[in-house]
Amino acid sequence: MDLLERVLNKENLKASELSALYDYDIFTLGKVADEMRKKKYSNKVFFNINRHINPTNICADVCRFCAFSASRKNPNPYEMSIDEIVSQVLVCQNRGIKEVHIVSAHSPNYSYEWYLDMFMAVKKAAPNIHLKAMTAAEVDYLDRKFDKGYQKVLEDMAKCGVDSMPGGGAEIFDEKVRQYICKGKVDSQRWLEIHNYWHQLGKMSNATMLFGHVETREHRIDHMLRLRNIQQDSNIVEAKKGGFNAFIPLLYQNQNNFLNIKENLSGQEILKTLSIARIILDNIPHIKAYWASLSLNVALIAQEFGADDMDGTIENESIQSAGGAKSKNGVSKELMIAQIKDAGFRPIERDSLYNELQEY
Ligand code: V47
């Protein structure tokens, strides 16, 4: 039987076997992925109205791919206070923003209580804004620095108002690649355990994958399979437990960092990766083509290759743009809607948990 048929028949295949999916042309993979996404979402494309806040770029870690951290090549260290963060959130609230996404570098300067106070202050100031905060890498950093146990960190986050967790810090799970690109950061097993525990608390999160650097096709598939296994533990619909909402392949931006990779992935390789994600991760509801990383154009094309979501307006994007992406000032709601329509889809504003809010 042909490999694609075996995958669709849910045969249990290894990453080494599944990496041959890349040998299909983009139209064959795209057609299968598009049928799967259309079955669930017809021709809807989801986006949200959100804002990113990155409290500091001062980082104890030394990831080779990072252009944001002030301990790497970024010459402008900064650190926000809780008051500054809250005043940004209040501005967001006045402008009708529905989600704040708060992710920080691993700062040696903030105390454990600072994080909890910050979450409570944000929630008090804007109780109706969804607070998506803390990557598993930050959770692990706080656990190790303050000797808390990641379970306690997650329980405290939930108590203090964190609604869901973003998918950052996953990078590539393969241990050898991980050791090379982000030595010292949360290990793969722990990243997965942290999300798994968060899901057991009844909460949702996302999962990213950084691709287009030194990893192979097999490493990408291995990454997806590890996520699929964790997701199997969290039966979102039936048991009303938490789980992964979206898988987000992040395209490596090659400027201002220490990985020194100058070749860009081809558009074909990017689209195949999105399509394969939809095909393999049939138990994660959404595949996000994160426009800040892929560019608006590629993210829109990806909607025909298995993706169903663009992420949001962001307003202030610091991580991809530090690496060379054209995403620094986000994208206006009007442009997002116009581009989705122009691409032949129905723009659906969603909340952070993918409830549909409005069609434009
Ligand atoms: O984990 C760092 C990545 C991530 C580079 O959950 C880079 O909804 C490309 O996780 N090139 C943080 N990527 C961003 C993130 C995210 C973004 C948007 C939405 C969500 C979500 C999550 O950014 C890090 C890392 O993998 N990153 N440097 C770079 N040079």
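In this predicted model, H10 passes H12 in a right-handed crossing. The two axes, taken over residues 217-233 for helix H10 and residues 267-280 for helix H12, come within 11 Å and cross at roughly 25°. Angles under 35 degrees count as roughly parallel, and H10 and H12 are therefore roughly parallel to each other. On the H10 side, the contact is built from Arg217, Arg220, Ile221, Met224, Leu225 and Arg228. H12 answers with Glu269, Thr273, Ile276, Ala277 and Ile280. Sorted by class, the residues of this H10 contact with H12 come out as six nonpolar, one polar and four charged.

Helices H4 and H5 are another right-handed case, with H4 passing H5 in that sense. Here the axes of H4 (residues 82-94) and H5 (residues 112-125) come within 9 Å, again crossing at roughly 25°. H4 and H5 are therefore roughly parallel to each other. What does each helix bring to the contact? From H4 there are Ile82, Ile85, Val86, Val89, Leu90 and Gln93, while H5 supplies Trp114, Asp117, Met118, Ala121, Val122 and Ala125. The contact of H4 with H5 splits into ten nonpolar residues, one polar and one charged.

Then there is the pairing of H6 (residues 136-146) with H9 (residues 188-200), where the axes sit 9 Å apart and the helices pack at an angle of about 100°. That angle makes H6 roughly perpendicular to H9, because the range for this label runs from 65 to 115 degrees. In H6, the residues involved are Ala136, Val139, Asp140 and Asp143, and they meet Arg190, Trp191, Ile194 and His195 in H9. Four nonpolar, one polar and three charged residues make up the contact of H6 with H9.

Turning to the ligand, 22 residues surround it, and Lys132, Gly167, Gly169, Glu171 and Gln253 come nearest. Lys132 also turns up in a polar pair: an N or O atom in its side chain is 2.7 Å from an oxygen atom of the ligand. With Gly168, the backbone does the job, as one of its N or O atoms lies 3.3 Å from a ligand oxygen atom. Gln320 pairs with a nitrogen atom of the ligand instead, the distance to an N or O atom in the Gln320 side chain being 3.1 Å.

Key: Residues numbered from 1 in each chain as written. Predicted model: local features only at pLDDT ≥ 70, side-chain atom pairs only at ≥ 80, totals over all residues. Heavy atoms only, no water. Axes fitted to C-alpha atoms, helices over the stretch in contact; angles between N-to-C directions. Helix = DSSP H or I, 4+ residues; strand = E, 2+ residues; numbered from the N terminus. Parallel < 35°, antiparallel > 145°, perpendicular 65-115°, else oblique. Left-handed = near helix turned anticlockwise from the far one by under 90°. Contact = heavy atoms within 4.5 Å. Nonpolar A, V, L, I, M, F, W, Y, C, P; charged D, E, K, R; others polar. Near = heavy atom within 4 Å. Polar contact = N/O pair within 3.5 Å; in protein donor to acceptor, adjacent residues only side chain to side chain.
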